Amino acid sequence: MTFITEFKHPEDGFVFIVTYGRSGSTLLQSLLNRIDGFQLRGENNNTLFHLYSAWGAVKDSVPLDGLRTKGEEPAPDHPWYGSEKIGFDSFGRDLARLFTQSVLPPILSAAS
């Protein structure tokens, strides 16, 4: 398999099909992947949810919010040292970009 290394999202974006177990999603994936220009990925062990949780942990952290609000910079021996510099919006965008480049990149030629 050859993956595209510089990956830009499709012009029309992505479509996510979210289902529950034993609902026919693997059959749907198989059928749609037979259509020229379609490429669906299978389960990824809830990876996207875990990335969302990581973003939420940074965004909703009370200690981080306190540091950001006060503009305080903790001392180098403080457990939260440097964390006030985490921009949660850019962190979230970077996680989404990482997911699309690592999990969703199109394959140039499908394996037979």
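How many salt bridges does the count come to? The count comes to four. Several of them are taken up below, after the confidence and the fold.

1. **Model and confidence.** This is a predicted model. The mean pLDDT of the protein is 83. Of its residues, 87% reach 70 or more. Helix α2, residues 47-59, has the highest confidence, at a mean of 92. Helix α3, residues 62-70, has the lowest, at 87. Where pLDDT is low, the predicted coordinates should not be read in detail.

2. **Fold.** The protein has four helices and zero strands. Read along the sequence, the pattern is α-α-α-α. The protein has 112 residues, and 16% of them count as buried.

3. **The E73, E84 and K85 network.** Start with K85 and E73. Their side chains meet in a salt bridge, with an N to O distance of 3.5 Å. The pair links distant parts of the chain, 12 residues apart. Both K85 and E73 sit in the loop between α3 and α4, the latter helix spanning 88-102. Both residues are exposed. K85 also meets E84 in a salt bridge, again with 3.5 Å from N to O.

4. **Burial within that network.** Is E84 buried or exposed? E84 is buried, because its relative accessible area is 13% and the cut-off for buried is under 20%. K85 has 61% relative accessibility and therefore counts as exposed, the cut-off being over 50%. The E84 to K85 bridge thus pairs a buried residue with an exposed one.

5. **The D94 and R97 bridge.** D94 forms a salt bridge with R97. The closest N and O atoms are 3.7 Å apart. Why are the two separated by about one helical turn? Because D94 and R97 are three residues apart in helix α4. D94 counts as partly exposed, at 40% relative accessibility. R97 counts as partly exposed too, at 42%. Elsewhere, salt bridges that share partners join E73, E84 and K85 into one network.

6. **G66 and E84.** G66 is placed in helix α3. At 24% relative accessibility, G66 counts as partly exposed. Along the chain, G66 and E84 are 18 residues apart. Their C-alpha atoms are separated by 8.8 Å. E84 is the buried partner of K85 described above.

7. **Largest pocket.** How much space lies in the largest pocket? About 1,200 Å³. The elements that give two or more residues to its lining are α1 and α2. Helix α1 gives the most, with five residues. In total, 36 residues line the pocket. Those nearest its centre are V15, F16, I17, R41 and G42. The count of lining residues uses all residues, whatever their pLDDT. Rolling a probe the size of a water molecule over the atoms shows where empty space is left.

8. **Nonpolar surface patch.** Which residues make the nonpolar surface patch? F14, F16, V18 and L48 make it. The patch covers about 400 Å². V18 lies in the segment before α1, which spans 25-33. V18 counts as exposed because its relative accessibility is 74%, and the cut-off is over 50%. F16 appears twice in this note: in the patch, and among the residues nearest the centre of the largest pocket.

9. **Backbone at N45 and N46.** Two residues merit a look at their phi angles. N45 has a positive phi of about 60 degrees, although N45 is not a glycine. N46 has a positive phi of about 65 degrees, and N46 is not a glycine either. Where does N45 lie? N45 is in the loop between α1 and α2. N46 is found in the loop between α1 and α2 as well. N45 is exposed, because its relative accessible area is 70%.

10. **Points to check on screen.** Look at K85 with its partners E73 and E84. Then turn to the bridge between D94 and R97 in helix α4. Last, view the patch of F14, F16, V18 and L48, and the positive phi angles at N45 and N46.

Methods
Residues numbered from 1 in each chain as written. Predicted model: local features only at pLDDT ≥ 70, side-chain atom pairs only at ≥ 80, totals over all residues. Heavy atoms only, no water. Patch = residues over 30% accessible without salt bridge, like charges linked within 9 Å, V, L, I, M, F, W, Y side chains within 5 Å. Areas by Shrake-Rupley, 256 points an atom, 1.4 Å probe, with all protein chains shown as cover. Buried < 20%, exposed > 50% of the residue type's maximum accessible area, 1.4 Å probe, protein only. pLDDT = per-residue confidence, 0-100. 1 Å grid on protein atoms, 1.4 Å probe; cavity = no way out; pocket = protein on both sides within 12 Å on 5 of 7 lines; lining within 4 Å. Points joined across faces, edges and corners; volume = space filled by probe spheres on them.
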